[in-house]
Amino acid sequence: MIEDRWTGNVMADRKQIFTDMKTQNYDTIRLSTYRTACKLRFIQKKCNLHLVDVWNMIEAFRDNGLNTLDVCTEISMARLETIITCIYQQLNKRLPTTHQINVQHSTSLLLNFMLAAHNRLMVFSVKVMLSVLCGGKLVDKLRYIFSQISDTHGAMVMSKFDHFLQEGLKLPTAVFEGPSFGYMDHFARSCFPQQKKVMLNMFLDTLMSDSPPQCLIWLPLLHRLANVENVHHRVACSFCRSEGMTGFRYRCQQCFNYQLCQNCFWRGHASGNHNNQHEMKEHSSWKSPAKKLGRAISKSLGCVPSREPSHPVYPEYPEKPLNLSNIGFVNVITFSVCVCVCVCSALDSASRTDEEHKLIARYASRLATDPGHTGRPSDFSYNMNKQQRELIMQLENKNREILQEIQRLRAEHEQACQPTPERVQQNPTLLAELRQLRQRKDELEQRMSSLQESRRELMVQLEGLMKLLKVHQTHRARPDTTTGQKQTLFKGVMN
């Protein structure tokens, strides 16, 4: 339920966002699908959610502890405000200083829209709404949604998909399109009528096809609408006669060279022999006549594929995590030190990346061939005693302290880079130094991004080495428990 401190300003802010949407005259669009997509796109941009990528949103869910809560847990307004504020604050850190957003205003608008769509906000409701309305690719959003509605074997659970439809279809209802896209009980089964087992690729094929399920047809259109906002077509509209079109372009399949801009088509305008019953083809890009001729010739010669796949093909079955309950003490300490050295080195200097890769490969090879680690039961203990657990805990605490120190130093650096107006007035040359510091800060951020990418590459190589060790184990004459421990430990470190 809504706390009392929100009741005073909620209605005023909620009314403002819908009043602004009404001034756009979206209700004059005759097709409900386009009408819904335009309204949701307006809400998305009004709340600045189009600037937040889906991966940043998923990271915010994890950082704020939503992944540890049951999907049916109700979220208090205070906690939801904290989550949304954190999302926008992190967004400002990624944006240039000249394009900063008003965190408080954006938080207020988004909170009020979410309250208009939901009476009681659950964890799953927040995840669905924010992951749908944020920026990013449709395939990435659908993959995240599928991860929330699938079981441990990678198959979709129909009851969870039905729950997703209930929450997702509250978005069209919130923008007054409930009669066209309101939830009904048979929607979940109608999306996959003949499929008993729905895996990820089938889920993506269905929702990203040219004819997606009718109840969700507005979702891919919302992303197509965002992609064509800045597309310009160098052709005149046959109705309004405007020179050039922006957005979608519609070409009649019966009338010769009859084309309409998106505003005229959406509102049912027609002229001459053309009428609204004619079939229209939607175009989201512009190609000159010369490019069209060249592509037609290449296609006829078989140089261009007839159709590109809508998404990559992903593994059907997720890889199961290894059991880490029986791990030897020596392996844990050795691998912990190795991984800590690799990660710290990657953060220290990108020029040492190649050397780190070689060290990891050399260490893994030594583990596989070392005669001193032949898997004898006396070499390793399968029951970790109290002293060993305490040592591992000390290593983990030391790692946290290092991360906290890095964050503290970063905060001090940012604070030192923000001079007061009095200092600027006293020393005019400080402004030039400030520009240099900001430029240096941007370079450091780019450097950090490249280091993070190097760290991800290291993790990928670690997992590849683990798989090689696993294959090596299967070819040994007798079971090698030591190598199995190394492999399970390798996977544990990766996770």
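**Loops, buried residues and helix crossings in a predicted model**

Asn-257 lies in the loop that runs between strand β3 (249-252) and strand β4 (259-261). In this predicted model, Asn-257 is a convenient place to begin, since its backbone has a feature worth pausing over. Its phi is near 50 degrees, a positive value in a residue other than glycine. The side of the chain seen here is neither fully covered nor fully open: Asn-257 is partly exposed, with a relative accessible area of 43%.A second loop offers a companion case. Phe-176 sits between helix α9 (170-174) and helix α10 (178-181). Although Phe-176 is not a glycine, its phi is positive, at about 70 degrees. Phe-176 is exposed, and its relative accessible area is 55%.

With these two loops in view, the chain as a whole can be introduced. The protein chain holds 21 helices and 5 strands. Of its 495 residues, 41% are buried. Among contacts with a separation of 6 or more, 67% join residues 24 or more positions apart. The surface that the protein chain exposes comes to about 28900 Å², and carbon and sulfur atoms supply 52% of that area.

A loop residue can also be buried, as Ile-75 shows. Ile-75 belongs to the loop between helix α3 (54-63) and helix α4 (77-94). Its relative accessible area is 7%, and because buried means under 20%, Ile-75 counts as buried. What does Ile-75 touch, once residues up to four places away in sequence are not counted? The partners are Leu-66, Leu-80, Leu-121, Met-122, Val-123 and Val-126. One of these partners, Val-123, is 48 residues from Ile-75 in sequence, while the two C-alpha atoms are 6.4 Å apart in space.

Val-123 also opens helix α6, which spans residues 123-133 and packs with helix α8 (residues 158-168). The angle between α6 and α8 is about 65 degrees, and their axes are 9 Å apart. That angle makes α6 roughly perpendicular to α8, and the crossing of the two helices is right-handed. On the α6 side, the contact involves Phe-124, Ser-125 and Val-128, which meet Lys-160, His-163, Phe-164, Glu-167 and Gly-168 of α8. By type, the residues of this contact of α6 with α8 divide into 3 nonpolar, 3 polar and 2 charged.

The next pair of helices to consider is α7 and α12. Helix α7 (residues 138-149) packs with helix α12 (residues 200-207) at an angle of about 130 degrees, and the axes are 10 Å apart. The angle makes α7 oblique to α12. Here too a right-handed crossing is found, with α7 passing α12. Which residues make the contact? From α7 come Val-139, Leu-142, Arg-143, Phe-146 and Ile-149, and from α12 come Leu-200, Phe-203, Leu-204 and Leu-207. The residues of the contact of α7 with α12 divide into 8 nonpolar, no polar and 1 charged.

Helix α2 provides the remaining crossing to be described. The axes of α2 (residues 32-46) and helix α13 (residues 218-227) come within 9 Å and cross at roughly 60 degrees. That angle makes α2 oblique to α13, and α2 passes α13 in a right-handed crossing. The residues of α2 that take part are Thr-33, Tyr-34, Thr-36, Ala-37, Cys-38, Leu-40 and Arg-41, and they meet Trp-218, Leu-221, Leu-222, Leu-225 and Ala-226 in α13. In this contact of α2 with α13, the residues divide into 9 nonpolar, 2 polar and 1 charged.

Another residue of helix α2 is Arg-35. Is Arg-35 buried or exposed? At 14% relative accessibility, Arg-35 counts as buried, because the cut-off for that class is under 20%. With neighbours within four places in sequence left aside, Arg-35 is in contact with Tyr-26, Asp-27, Ile-29, Arg-30, Glu-177 and Ser-180. Among these partners, Ser-180 falls within helix α10 (178-181), the helix at one end of the loop that holds Phe-176.

Note on methods:
Residues are numbered from 1 along each chain as its sequence is written. This is a predicted model: local features need pLDDT of at least 70, side-chain atom pairs count only at pLDDT 80 or more; totals for chains, interfaces and linings use all residues. Side-chain values use heavy atoms; hydrogens and water are left out. Axes are lines fitted to C-alpha atoms, for helices over the stretch in contact, and angles run from 0 to 180 degrees between N-to-C directions. Helices (H or I, at least four residues) and strands (E, at least two) are DSSP runs, numbered from the N terminus. Angles under 35 degrees count as roughly parallel, over 145 as roughly antiparallel, 65 to 115 as roughly perpendicular and the rest as oblique. A crossing is left-handed if the near helix is turned anticlockwise from the far one by less than a right angle, and right-handed if clockwise. Contact means heavy atoms within 4.5 Å. Ala, Val, Leu, Ile, Met, Phe, Trp, Tyr, Cys and Pro count as nonpolar, Asp, Glu, Lys and Arg as charged, and the others, Gly among them, as polar. Buried means under 20% relative accessible area, exposed over 50%, partly exposed in between (1.4 Å probe, protein chains only). Accessible areas come from the Shrake-Rupley method with a 1.4 Å probe; for residues, only the protein chains shown count as cover.
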